[in-house]
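Trainee: Please examine a single part of this model closely, and set out its packing and its contacts in one connected account.

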Amino acid sequence: MTPDQLLQLLIAGLTIGSIYALIALGFVVIHNVSGVINLAQGEFAMLGALIAITLTGETALFNRAWTVNFNLPLFVAVMLATLAVMGVGALVYLLVIRLSHTNSVIVQIIITIGIAITLRGFALIVWGTDPYRLPEFTPGPPIPIGAAVLTRQDLWIIGSAFALMALLYLFFQRTMLGTSLRACAVNRMAARLMGINVSHMMLLAFVLSAGIGALAGIVIAPKTFMGYDTGTYLGLKGFVAAIVLGGMSDERGAIIGGLSLGILEIFAAGLLSSGYKDAIAFLVLFVVLLIQTTGILRRRRGIREAAGV
Amino acid sequence: MERATISPMTDPVSLDAQTRRTRILARHPNLVAFGVLTAVLIALPLVLRNNYQISILNFIGLNTILTVGLALLMGYAGQVSLGHAVFYGLGGYGVGILAQRTGLPPLAAIVGAAIITGLIALLIGIPLLRLRGYYLAVATLGLNVIFLLIATNETELTGGPNGLAIPGDLTIGGFTFDSDLKFYFLIWLVTLALIAVSLNIVNSRIGRALRAIDSSEIAAETLGINTARLKLQTLVLSAMYASIAGSLYAYWIGIVSPSDFSINFSIELVVMVAIGGLASVWGAIFGAAVVTLLIELLRNFLPQVLSGASGEHQIVAFGILLIFIMILMPEGLTAGSLKRLRAWRKKT
Amino acid sequence: MKTRILAMALLIVAGLILAACATPTAAPTTAPQPAAPTTAPQPAAPTAAPQATTGDPYKIGFVTSVTGPASSLGIPERDTALMIQDQVNKAGGIKGPDGAMHKIEIIVEDDASDASKATLAAKKLVEQDNVAVLIGSSGSPASLAMVETATKNSTPMISMASASQIVNPIAERHWIFKTPQANQPVTAVQLDWLKANGITKVASIGVNNAFGKDSRDAMNEQFKAAGIEILADEVFQPGDKDFTAQLTKIKALNPQAVIVHATPGEGAPLTVQYHTLGLTAPLLHNHGIGNKDFINLAKDAAEGVMFPIGKLLVANSLPDSDPQKAVLLKYIADYGAFTNGKAPSSFGGHGWDAVEIALAGLQAEGPDRTKLRDYFENQVKNFVGISGIFNWSPTDHVGIGKESLVLVRIKDGGWEYVAPDQYAAK
């Protein structure tokens, strides 16, 4: 492989990796505040993209029984779709998670699997099996870097992922609301004693995660397209990325985990074997896990609680 | 669900029922349940009308073997596995490859596959079980991904994505299993035997040690339990259970393909165990039966309730039911419905 | 406590089993009403004689992947089957060999793209619903898993999947037929085009599942025999969305043409990324991308893509003398009306062929499984279908080959027929 080709692989890895990172971030935000591993995270991405696509153009829904034609400008559609999915996130919390009074992580996981199946089923009924395409945000020829190319949408994907991460960082560190959320993550009981409404914070976490997921799905939809089952695939990768370096409770771990998973996959396919791409990525992750079973970036404190089911 | 204890009369309800029959029931609940299950299983083929219904029971039997093993690992030893289908697959592909390459007779192939699966579980388990909680979950998920890729890519060995046809019928001692009904008796005989083994383990010193690990690994260690070894043994045992189920499946259907051992199926197994109630052998059987029947029932009933209903509506219904069951009865369907019944009785 | 739990468990299971037994037959699957009235079905209903008596409905079992990864194949297949049921029953049914009119009942089962669920569905249809003929499934692994059920129960089965193992070895596949072309003739058409253009070095990229594997096997066998060098044989997993790694590798090898084995879900983003990365060699897909989705998704990148496929896509540009033309145009119109304007795909076409052949058999022989099988093997001659003109025989249970295929080029967002004499042009 020439350096140009390696650069090309790196660009592709960063692009897909930043999407994994966003999905992983969604996992961590919910988990830190509520202790729930939300396996419907990928479905938020799918819904966000499909709603945005529906709002931007003419789409036939419900097996062509109903054709809608919104033709909204892209920016408006993206905003509305994100808000809509945030609403779905709120509903998921209010109608399902809030009503479940269990401490068993396995039971919680199964509940979120149920949510994922239900959302996917609804999407199948509404949009059918066809994949859909969202127009590129800024169409135009790709930008050459040596012999490698960077598409404009790749820039959008990487750029918005990092912008979102920065915004979240500011939100968590600099705002009262963000600090309250963090307080819940550190110690829910203490937060409650300090007068923080933990239930509201959990609702906020679900809304926030749904929004992050939706945006991730929307920015990648022009590149990969989106069908009712694409979310499952993204969710699975995000789940792995969220756990492998940060034990599902460290935002930085989730971001680095997502980026490394993306880069690893692409390099495994490009340099070794495209047939065993995912296997190679997993093997490397295994080794990392075994070398440092507690998660590379995990702070020493509270390791047991973080990793224990 | 309540842990299996032999001490009778702990339940106030059984106090007022002092007949001899209930006393036996209370003193040897496992024995009685085992007897009832066996009787029901012998009677069922007399009632059932066709091979489709027999086949559903065969699937319940196979799923029971899988969930009973997985319940030992998850409920008792406290280890989450999102890749149990791998061991099921090793049993399925194992008999196919052994029979094809070595010409081993079926019974030897089944035993051989189970031993190989056990060894693989041992080798994987040594590094894997050092991981805990979520890490173990993600590692087992990865294991499933790797297994599927090998099954898909190594066409020479596994037949690739189209699957591996199992050469020959399952013949044991001159008796050929060539119908759904014959497999029904074989599968359930094996299932009952493995249930008996599990019950013995659960109610033995090992079972108590496993439960100790589940509640607190550190406490168990200080009591002198070699937790690492015990967990490894449980993994190997449940892997061998799964392998036997996989081998029976392979001989019964005649072909195995990667889609039979998907991550979806691994998750389905975890759902079965949870619906049954995590730490319970009987719950695992129940979970396997309920989930398998539920999927079939939705297929039969939904189109009658909702005209034009099809696969899309079935998965939505399944998802919503799953959420409902787990919210209302997080301790599993049996223990949960009983609790509700008692609360309702108290009210009236 | 323990005993009560057990009792409760047994009670619930017993209840569920009873419920399962209490449904001897599934309700007839009712079809959504078509928007416009449809005309009588093609080979099936002759003019319904008013004096004919009404017999029991003829039952056809239809296993398809409505959900799961193969659902983009399964849904058009299901819709086509329901459409035909609707047409035939509106016309009063079909006239059986007993002279009575019989409605048809197509019982659709979803296998969720899963082989073991397909087996169970097949058993239900054969054993419980007592269907005369079994159709299914959409995918090759599911179809292969159903083969044993059909064979053991001596029920004729018509698969809608591509793998040639479904009907081979033919001695063991006495009861099994299938309607899609095998992958071999598809590859043969690609090979003709490559030869006409003097291409000797190609690269290949395909989906790592049964469909991609079968297609890649055919390519490896035929291309090598023809002296065409395959520089790279790359794969990707179903569901993958980024193909940069494989395409970068291929780009470095500088092939004269690239062969793709995929369906639109992955084939379309792959084609877009192919152009983005600056690859310019001609792109030859296989029949997996034969629906409008591919063009809608890949848009400009789809221009110039070529692929061999049945004549359905270019029905309009076929000469009127083509015996399939009328059948194809009618199917396109009927399917559009039934589904509120969905564009037909070759997958639905495979379903049409399977159901219509089954109906022809039922009309001639009635619901006798053995007679139906014999009819399929010996009487299906020059049957004009969507995928081709079928001639089933004791040595051939596919019955269509290379002659049923045309080479199609995507041009201006539509399909353009490329006649064999134009292969070398452009």
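**Helix α1 of chain A**

Mentor: The crossing of α1(A) and α2(A) is right-handed (the near helix is turned clockwise from the far one by less than a right angle; anticlockwise would be left-handed). The model is a predicted one, in which local features need pLDDT of at least 70 and side-chain atom pairs 80 or more, while totals for chains, interfaces and linings use all residues. Residues are numbered from 1 along each chain as written, with chains lettered from A and ligands numbered from 1 in written order.

Helix α1 covers residues 3–34 of chain A, and α2 covers residues 41–56 (helices are DSSP runs of H or I, at least four residues, numbered from the N terminus). Their axes, 9 Å apart, meet at an angle of about 125 degrees (axes are fitted to C-alpha atoms over the stretch in contact, and angles between N-to-C directions run from 0 to 180 degrees). The two helices are therefore oblique to each other (not under 35, over 145, or 65 to 115 degrees).

From α1(A), A:I23, A:G26 and A:F27 meet A:Q41, A:G42, A:F44 and A:A45 of α2(A) (C-beta atoms, placed from the backbone, within 7 Å). Four nonpolar, three polar and no charged residues make up this contact (Ala, Val, Leu, Ile, Met, Phe, Trp, Tyr, Cys and Pro are nonpolar; Asp, Glu, Lys and Arg charged; the others, including Gly, polar).

Helix α1(A) also serves the contact between chains A and C, which takes 27 residues from chain A and 31 residues from chain C. On the chain A side, α1, α8 (198–224) and α10 (251–272) give two or more residues, and α1(A) gives the most, with five residues. That side comprises twelve nonpolar, ten polar and five charged residues.

Key. Contact = placed C-beta atoms within 7 Å.
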